[in-house]
Amino acid sequence: ADRFATLLRRGRYADAAAIARAAGQEGRAPLLERMAEAPIYVVTPETGTATIPWARSYPTPLVRVKLNGERVLMAIDTGANDLLLDTGAAKRYRVQPVSGQHTEFWAGTRLAVGNALVQRLELGPFKIERIPAGTISLHRWSLEVNPQGEAVAGVIGLNLLRRFTPTLDYTKLRLELARGP
């Protein structure tokens, strides 16, 4: 399990896929193989800044982004590792499903999520391509964090945010992202 985690951190996805079964991560292997085919988290432009206002701040910050070219509402949650998408939103916005499923720790529990690969997510001027994601029904959670409002299509976690220098500005109710020198 430690070797598997080390290979993931180093970006050696093909090697991690090869030992996934032994590490108890068999369901993750198909996604790791797809991640090994081409670079993931490809961000353009490589440098710059973005200021994204929150659509709602409580109980979790919600921002408007583009998922495969369509405007959606997503939550920012530093307690989530990966990008999590609502199963219905993933189908509606043509996110590429990948066979298998894996476990994610989120909202205080371990959840089984389907594997997926997001073609493009736009955060202000930044376009991020080939993002590994998990799919799970977020319908009930969406009603809790945005009652009587637009459905939340997903959750942006730390693996995506760490591609930037992120600032969650609770005073000005905005997400600030910076990249580059």
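Okay, let's start with one residue, Arg-21. Its relative accessible area is 61%, so Arg-21 counts as exposed. Before going on, please keep in mind that this is a predicted model.

Who does Arg-21 pair with? Its salt-bridge partner is Glu-26, and the closest N and O atoms of the two are 2.8 Å apart. Glu-26 has a relative accessible area of 45%, which makes it partly exposed. As a quick reminder, side chains of opposite charge can pair when their charged atoms come close. How many salt bridges does a search of the whole structure find? The count is nine, and I'll show you a few more of them.

Next up is Glu-104 with Arg-28. This salt bridge has its closest N and O atoms 3.7 Å apart. The two residues come from distant parts of the chain: Glu-104 is in strand E6, Arg-28 is in the loop between helix H2 (13-18) and H3, and 76 residues separate them. Are these two buried or exposed? Glu-104 is buried, at a relative accessible area of 4%. Arg-28 is buried as well, with a value of 15%. The cut-off for buried is under 20%, so both values fall below it.

Hold on to Arg-28, since we meet it again in the largest pocket. That pocket has about 660 Å³ of space. It is lined by 23 residues, and the closest to its centre are Leu-8, Arg-28, Asn-81, Asp-82 and Asn-159. Which elements give two or more residues to this lining? They are helix H1 (2-9), helix H3 (29-37) and strand E6 (96-106). H1 provides the largest share, four residues. As for chemistry, the lining divides into eleven nonpolar, five polar and seven charged residues.

Now for the second largest pocket, where about 200 Å³ of space lies. Here 17 residues form the lining, and Arg-92, Glu-150, Ala-151, Val-152 and Ala-153 are the closest to the centre. Two strands and two helices each give two or more residues: strand E4 (70-76), helix H4 (87-92), helix H5 (139-145) and strand E9 (152-156). By type, the lining residues are nine nonpolar, four polar and four charged.

Let's stay with E4 for a moment. Why do I call E4 largely enclosed by the rest of the structure? Because five of its seven residues are buried. On to its partners. Strand E3 (residues 62-67) runs antiparallel to E4, and six bridges join the two. If you want a place to look, find Val-65, which stands opposite Val-72 in E4. E3 and E4 form a hairpin with two residues between the strands, and Asn-68 there takes a positive phi near 50°.

E4 also pairs with E9. Which way do these two run, parallel or antiparallel? They run parallel, with four bridges joining them. In this pairing, Ile-76 stands opposite Ile-156 in E9. While you have the strands on screen, remember that in a regular strand the side chains alternate between the two faces of the sheet.

Back to charges, this time further along the chain. Asp-169 and Arg-174 meet through their side chains in a salt bridge, at 3.8 Å from N to O. Asp-169 counts as buried, at 15% relative accessibility. Arg-174, with a relative accessible area of 23%, is partly exposed. Which residues are linked in a network of salt bridges here? Asp-169, Arg-174 and Glu-176 are.

Last topic: aromatic rings. The structure holds three aromatic pairs. One of them is Trp-54 with Tyr-170: the ring centres are 4.9 Å apart and the planes sit at 80°, so the pair is edge-to-face. The cut-off for that label is over 60 degrees. This pair also links distant parts of the chain, with Trp-54 in strand E2 (residues 48-56) and Tyr-170 in the loop between strand E10 (165-169) and strand E11 (174-179), 116 residues apart. How about exposure? Trp-54 is buried, with a relative accessible area of 9%, whereas Tyr-170 counts as exposed at 52% relative accessibility.

That's my tour, so go ahead and find Arg-28 on your own screens: it is one of the residues closest to the centre of the largest pocket, and it forms a salt bridge with Glu-104.

Conventions: Residues are numbered from 1 along each chain as its sequence is written. This is a predicted model: local features need pLDDT of at least 70, side-chain atom pairs count only at pLDDT 80 or more; totals for chains, interfaces and linings use all residues. Side-chain values use heavy atoms; hydrogens and water are left out. On a 1 Å grid over the protein atoms alone, a cavity is a set of points where a 1.4 Å probe fits but cannot get out, and a pocket is an open set with protein on both sides within 12 Å along at least five of seven lines; lining residues have an atom within 4 Å of a point. Grid points are joined across faces, edges and corners, and a volume is the space filled by probe spheres set on the points. Ala, Val, Leu, Ile, Met, Phe, Trp, Tyr, Cys and Pro count as nonpolar, Asp, Glu, Lys and Arg as charged, and the others, Gly among them, as polar. Buried means under 20% relative accessible area, exposed over 50%, partly exposed in between (1.4 Å probe, protein chains only). Two strands pair if DSSP finds at least two bridges between them. A salt bridge is a side-chain nitrogen of Lys or Arg within 4 Å of a carboxyl oxygen of Asp or Glu. Rings of Phe, Tyr and Trp (its six-membered ring) pair if their centres lie within 6.5 Å; planes under 30 degrees apart count as stacked, over 60 as edge-to-face and the rest as tilted.
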